[in-house]
Amino acid sequence: MAPKLTPEYAAEVIKRLELVPEDATPKWGKMNRAQLYGHLATVMRYSCGELGKMPDKSTFLRRNFFRPAIFHGFAKIPHNIRVPGERARKEPAPEATLEELADIIRATEAALKAGNVDSPNHPFFGYIGCKGWLTFHYRHCEHHLEQFGV
């Protein structure tokens, strides 16, 4: 079974994010700490249907090979991967505080676990549903926690 965003994991993520120094230099990419928090918050809000829908650029390989490999831990999310579409390239990197992100992490976990949101398709993996988003958030958080060495 693939790991998921749970209340226990949410608490662990928040504790680990507290360890990221304000002037942290990521192992890859160009985000700073506030942008890291904003990025995670934005993706979580998107998964709950709060930010509209992005184009579904999933392919047979992404849905049937890469998604299971990443979700089940056989592969990691690649470094510096970009979301398809113009939205990700034109908007400035969002920022958030740890307190804002912590509230969003808890709310996202509860909403997706309850299944009471109209979760959009993932732009790379297509339809993953609420349970799939819980797994994606686990893998996505681990990806960025590794990026910042926590």
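1. Let me start with R45, which forms a salt bridge with E50, the closest N and O atoms being 2.9 Å apart. Here a salt bridge is a side-chain nitrogen of Lys or Arg within 4 Å of a carboxyl oxygen of Asp or Glu. R45 is partly exposed at 30% relative accessibility, and E50 is also partly exposed, at 49%. The accessibility classes are buried for under 20% relative accessible area, exposed for over 50%, and partly exposed in between, with a 1.4 Å probe and protein chains only.

2. A word on the basis of these values: this is a predicted model, in which local features need pLDDT of at least 70 and side-chain atom pairs count only at pLDDT 80 or more, while totals for chains, interfaces and linings use all residues. Residues are numbered from 1 along each chain as its sequence is written, and side-chain values use heavy atoms, with hydrogens and water left out.

3. How many salt bridges does the rule give? The count comes to 5. One of them pairs K76 with E146, at 3.2 Å from N to O. K76 sits in the loop between α3 (60–71) and α4 (87–90), and E146 in helix α6 (residues 129–147), so this salt bridge ties together parts that are 70 residues apart in sequence. For the element names, helices (H or I, at least four residues) and strands (E, at least two) are DSSP runs, numbered from the N terminus. K76 is exposed at 61% relative accessibility, whereas E146 is partly exposed at 32%.

4. Another salt bridge joins D103 to R106, with the closest N and O atoms 3.4 Å apart. Both residues belong to helix α5 (residues 98–114) and are 3 residues apart, about one turn of the helix. R106 counts as partly exposed, with 46% relative accessibility. There is also a network: salt bridges that share partners join E12, R16 and E142.

5. R16 deserves its own point. This residue is in helix α1 (residues 7–18), and its relative accessibility of 17% makes it buried. The side chain of R16 reaches the backbone oxygen of V150 at 2.7 Å. Leaving aside neighbours within four places in sequence, R16 is in contact with Y9, E142, L145 and V150, where contact means heavy atoms within 4.5 Å.

6. On to helix packing: two packed helices are described by the angle between their axes and the distance between the axes. Helix α2 (residues 33–47) packs with α6 at an angle of about 170°, and the axes are 11 Å apart. That makes α2 roughly antiparallel to α6. The contact is made by L36, H39, L40, V43, M44, Y46 and S47 of α2 together with W133, F136, H137, H140, C141 and H144 of α6. By class there are 8 nonpolar, 5 polar and no charged residues in this contact. On the conventions, axes are lines fitted to C-alpha atoms, for helices over the stretch in contact, and angles run from 0 to 180 degrees between N-to-C directions. Angles under 35 degrees count as roughly parallel, over 145 as roughly antiparallel, 65 to 115 as roughly perpendicular and the rest as oblique. Ala, Val, Leu, Ile, Met, Phe, Trp, Tyr, Cys and Pro are taken as nonpolar, Asp, Glu, Lys and Arg as charged, and the others, Gly among them, as polar.

7. C130 is another residue of helix α6. Is C130 buried or exposed? C130 is buried, at 14% relative accessible area. Its C-alpha lies 5.9 Å from that of G115, a residue 15 places away in sequence. Apart from neighbours within four places in sequence, C130 is in contact with L112, G115, V117 and S119.

8. Three loop residues round off the note. P94, in the loop between α4 and α5, is partly exposed at 34%. Beyond neighbours within four places in sequence, P94 is in contact with A34, Q35, G38, H39 and T42. T59, in the loop between α2 and α3, is partly exposed at 35%, and its side chain reaches the backbone nitrogen of R62 at 3.1 Å. The C-alpha atoms of T59 and F124 are separated by 7.5 Å, with their positions 65 residues apart along the chain. Lastly, most residues other than glycine have a negative phi. N80 has a positive phi of about 60° although it is not a glycine; N80 lies in the loop between α3 and α4 and is exposed at 52%.

How values were computed. A polar contact is a pair of N or O atoms within 3.5 Å; within protein, one must be able to donate a hydrogen and the other to accept it, and residues adjacent in sequence count only if both atoms are side-chain atoms.
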